[in-house]
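Here is a friendly note for anyone opening this structure for the first time. Please keep the 3D view at hand while you go through the points.

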Amino acid sequence: MNDSTALFDVGERVPGPRKDASAAGAVETVIDEACRALHLPTIRSRWEEIAGTALKERASYKDFLADLLEAECLQREERKKTRLVREANFPRPKRLEDFEFEKNPNVTPEQVSTLADPAWVKAGLPLCLIGDSGTGKSHLLIGIGTAIAEAGMRVRYTTTANLVNELAEAADEKKLGRTLARYGRVDLLCLDEFGYLDLDKAGAKLLFQVFTEREEQRAIAIASSAPFSEWKQTFTDPRLYAAIVDRVTFNAHIVETGTDSFRFKKTQEKHRESGCR
């Protein structure tokens, strides 16, 4: 069997050459222009490679077409994941598979595996990561957010201070409704460094509006070094404090990362190692 028939199964009729095939590069030009017009960048860049493989494997027309479309779909999904992670605005890359569970026995792989699944986000449930500085809260928050974004959901990361400042500026510019709506649309809001600030009444009310906008509809994940009892220092209005704690703990996943800073332990280990040299 020669190369011109190897691409097709036995019994399939090999089509004759295209009428315009005599023009140098005419077929390649048609494919290139069609892929551009149809927004098929992967097929445009890989069709020759896939055609060569199909030729060697004596694939049918259908198999060749299926391979082309599968390559385009897979690459499109990867581009979507990359875009969603980029739009989440994480300050640095952190992945759950890089979390050092052996350094923090308070956090189990089973817990993290559950939180990497987007089911709780789709249900609009809260997540609270509570523990001292250096216990991996931000790593978990970013890692979980990344996993959810890669599952195809819209995620947004910010610190509490940045969010309150953005809301205050929006209120001054009479754009608060638009800003609240934007934060209300994302599937998961990751709020880091919660409880660090002593908010004035205006700032606390603005933050409360975000929680109200998302309540039982859109998920929110917070990371805080302060236990719930100390949030009274952030939300000095007792009723506002009670309302926010109620909203972030109702049906929530609560992960306590403990009090022992493994980041500090790692620093001590490095100092000891350098001292031994």
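1. A good place to begin is a pair of helices: α4 passes α7 in a right-handed crossing (the near helix is turned clockwise from the far one by less than a right angle). The residues that make this contact are K81, L84 and V85 of α4 and T146, A149 and E150 of α7, with contact meaning heavy atoms within 4.5 Å. By class, the contact of α4 with α7 divides into 3 nonpolar, 1 polar and 2 charged residues. Here Ala, Val, Leu, Ile, Met, Phe, Trp, Tyr, Cys and Pro count as nonpolar, Asp, Glu, Lys and Arg as charged, and the others, Gly among them, as polar.

2. Before going further, please note that this is a predicted model, in which local features need pLDDT of at least 70 and side-chain atom pairs count only at pLDDT 80 or more, while totals for chains, interfaces and linings use all residues. Residues are numbered from 1 along each chain as its sequence is written, and side-chain values use heavy atoms, with hydrogens and water left out.

3. Back to the two helices: α4 covers residues 61-87 and α7 residues 137-150, and they pack at about 140° with their axes 8 Å apart. That makes α4 oblique to α7 (angles under 35 degrees count as roughly parallel, over 145 as roughly antiparallel, 65 to 115 as roughly perpendicular and the rest as oblique). Axes are lines fitted to C-alpha atoms, for helices over the stretch in contact, and angles run from 0 to 180 degrees between N-to-C directions.

4. Zooming out, the chain has 12 helices and 5 strands; these are DSSP runs numbered from the N terminus, with at least four residues of H or I for a helix and at least two of E for a strand. Of its 277 residues, 38% count as buried, that is, under 20% relative accessible area with a 1.4 Å probe, protein chains only. Among contacts between residues at least 6 apart in sequence, 80% join residues at least 24 apart.

5. How are the strands ordered in the open sheet? The order is β2-β3-β4-β1-β5, with parallel pairing; strands pair if DSSP finds at least two bridges between them. β2 (155-159) and β5 stand at the edges with a single partner strand each, so one side of each has no neighbour in the sheet. Neighbouring strands are turned by 15° against each other on average, direction ignored.

6. Strand β1 (residues 126-131) deserves a look, since 6 of its 6 residues are buried. P126, C128 and I130 lie on one side and L127, L129 and G131 on the other, and both faces are covered. β1 pairs in the parallel sense with β4 (residues 219-224) over 5 bridges, where I130 stands opposite S224. Another 5 bridges join β1 to β5 (residues 253-258), also running parallel, and there V255 is the bridge partner of L129.

7. Towards the β2 edge, β2 and β3 (residues 188-194) pair in the parallel sense over 5 bridges, with R156 opposite L189. Helix α8 (residues 160-172) lies across β2 and β3, at about 95° to β2. Helix α10 (residues 201-214) also packs on the sheet, touching β3 and β4, and its direction makes about 150° with that of β3.

8. One last residue: is T42 buried or exposed? T42, in helix α3 (residues 41-56), counts as buried because its relative accessibility is 5%. Leaving aside residues up to four places away in sequence, T42 touches W47, A71, E72, Q75 and R79.

Methods
Buried < 20%, exposed > 50% of the residue type's maximum accessible area, 1.4 Å probe, protein only.
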